[in-house]
Amino acid sequence: MSEGEVRSRRTVLRGRGPVVDTLARFLDAEPDAPVLGGVDVVVVVDGGAFDPMPPSRVAAWLAEHDAEIAREVAEFRPGSVHRVVIVSSAAVLGALPGGGVHGDDAVPLTEPEGTAALTAALETHVVDAATELGVPVTVVRTAPVVGPGVDTMITRHFEMPWLLTLRGVDREWQLLHVEDLATAVRTVLEHDVDGSVVVGTPGPLSTDAVVAASGMRRVDLPAQTAFGIAERLHRAGLLPASAADLALVVHPWTVAPERLLALGWEPTRSNDECLRELLAGVEGRTALVGRRVHGRDAAAFGAVGAAVAFLGTAAVMRQVRRR
C-alpha cells in the first residue's frame, strides 16, 4: 500500500496532547471526530502518563469510565472501521533490572504498577473489545517520547539536578522523537501490520553519556536504599510516584523495533539528538513546583529519582558524620 493511499484513508484520533497533534499532522487525521459514515483507521493514544495508581484504583477508574469507553469501542465495527491502532508505552513490558531488550512479541507484565498500570488497563480494554467485534488491532509500544510540548514522568526527571543511578548498574537510555513515532504509526498503516510492535531509536545512550550531555549530578545508591526511600515517600503521601515508577528511571526498558526497521522505518533523530532536544525543552523549568496535572503537583512525578537521590545522599552523609 502506498503512502498516498494511507493519506487518502479517513483516520480519526482518540486522545489529547502534543502526541495527538503531531500524529494528526503526519497522518492527516481528525482528532475526536465521529466515526459515523465509516472510517478506515481509529488511532487511540494513551494519555495516562501522569496518573500512577494501584491495580485496585485502575479497576475503579475503568468502572467509572466504562460507559464512555463502551460508546467509543461500539463504533469499532467491521465495515465501518478498517483497523484500530493503539499507541501505548513499552513501560507496560516492565523495566529490566539485569539489562536486556524487549522485542516486538514481548508480553506485558501480568500486574503492572504505578504509571504503567493505567496504560496497560486501557490497552487491554480496547484490544479485547475490538477483537471481540472482529476489527484488526495493532498495538504500538513506544520508548519514552520526547519533542515539542511532550510532558511525561521521564521528561520531568530531566528538570532535576540529580541523576539517580543504582550502584553497579549502568542504565542505558533510549528515547523516541514524537515525529519518528508518527512515521512509525504511518508505517504500520501502510503495511497493515497486525499484533504488536515496539518502537524506539536504536543505539541507546550510556549513563555517562547522559551525565556529560545534561550536566546532572550522578548519585549512586544501593538498590535496597533507593527503593526503600521511594516506598516510604510514597506511603507517606509525599510522592504520588511509587517504587514501581522509580524502576522505570533506574532500570532500562529498551526496545528493539525489528519489525518496523524491516519494513523500512527509520528514525530521523538519534538518541543523542533526542536528549539534547529534551534538555532544551526543560531548560529553566528545574523543579518547578506548583504546576499541576490531574490536581496533583506535577513536579513530583519527575522528582521521584531526584528526591530519592537527595535523601539517599543525606542519609549517607549522616552515617559519615556519626562515624
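This section describes helix packing, two loop residues, the surroundings of one helical valine and an internal cavity in a predicted model.

Three helix pairs were examined. Two packed helices are described by the angle between their axes and the distance between the axes. Helix α2, spanning residues 18-27, packs against helix α6, residues 178-190, at an angle of about 50 degrees, and the two axes lie 9 Å apart. An angle of about 50 degrees falls outside the ranges for roughly parallel, roughly perpendicular and roughly antiparallel pairs, and α2 and α6 are therefore classed as oblique to each other. The crossing of α2 past α6 is right-handed. On the α2 side, the contact is formed by Pro18, Val19, Thr22, Leu23, Arg25, Phe26 and Leu27, while α6 contributes Val178, Glu179, Leu181, Ala182, Thr183, Val185, Arg186 and Leu189. By class, the residues of this contact comprise 10 nonpolar, 2 polar and 3 charged.

Each helix of this pair is linked to a loop that holds an aspartate with positive phi. Asp28 is placed in the loop between α2 and β2, the strand at residues 30-31. The phi angle of Asp28 is near 55 degrees, which is a positive value in a residue other than glycine. Asp192 occupies the loop between α6 and β9, the strand at residues 195-199. For Asp192, phi is near 50 degrees, again a positive value in a residue other than glycine.

The second pair consists of helix α7, residues 207-214, and helix α11, residues 271-282, which pack at an angle of about 40 degrees with a separation of 10 Å between their axes. Roughly parallel helices would require an angle under 35 degrees; α7 and α11 are therefore oblique to each other. The crossing of α7 and α11 is right-handed. Val210, Ala213 and Ser214 of α7 are in contact with Leu275, Arg276 and Leu279 of α11. This contact of α7 with α11 contains 4 nonpolar residues, 1 polar residue and 1 charged residue.

Helix α7 also contains Val211. With residues up to four places away in sequence left out of account, Val211 touches Leu163, Met216 and Arg218. The C-alpha atoms of Val211 and Trp162 are separated by 9.4 Å in space, and the two residues are 49 residues apart in sequence.

In the third pair, helix α8 (residues 223-235) and helix α9 (residues 243-250) pack at an angle of about 140 degrees, with 9 Å between their axes. A roughly antiparallel arrangement would require an angle over 145 degrees, and α8 and α9 are therefore oblique to each other. The handedness of the α8 and α9 crossing is right-handed. In the contact, Ala226, Phe227, Ala230 and Glu231 of α8 meet Ala243, Leu246, Ala247 and Val250 of α9. The contact of α8 with α9 is made up of 7 nonpolar residues and 1 charged residue, with no polar residue.

The search for enclosed space gave 1 cavity of 30 Å³ or more. The volume of the largest cavity is about 40 Å³. Its lining is formed by Pro144, Arg171, Trp173, Gln174, Trp253 and Thr254. The lining residues of the largest cavity divide by class into 3 nonpolar, 2 polar and 1 charged. The nonpolar class covers Pro and Trp, the charged class covers Arg, and the lining includes Pro144, Trp173, Trp253 and Arg171.

Technical notes. Residues are numbered from 1 along each chain as its sequence is written. This is a predicted model: local features need pLDDT of at least 70, side-chain atom pairs count only at pLDDT 80 or more; totals for chains, interfaces and linings use all residues. Side-chain values use heavy atoms; hydrogens and water are left out. On a 1 Å grid over the protein atoms alone, a cavity is a set of points where a 1.4 Å probe fits but cannot get out, and a pocket is an open set with protein on both sides within 12 Å along at least five of seven lines; lining residues have an atom within 4 Å of a point. Grid points are joined across faces, edges and corners, and a volume is the space filled by probe spheres set on the points. Axes are lines fitted to C-alpha atoms, for helices over the stretch in contact, and angles run from 0 to 180 degrees between N-to-C directions. Helices (H or I, at least four residues) and strands (E, at least two) are DSSP runs, numbered from the N terminus. Angles under 35 degrees count as roughly parallel, over 145 as roughly antiparallel, 65 to 115 as roughly perpendicular and the rest as oblique. A crossing is left-handed if the near helix is turned anticlockwise from the far one by less than a right angle, and right-handed if clockwise. Contact means heavy atoms within 4.5 Å.
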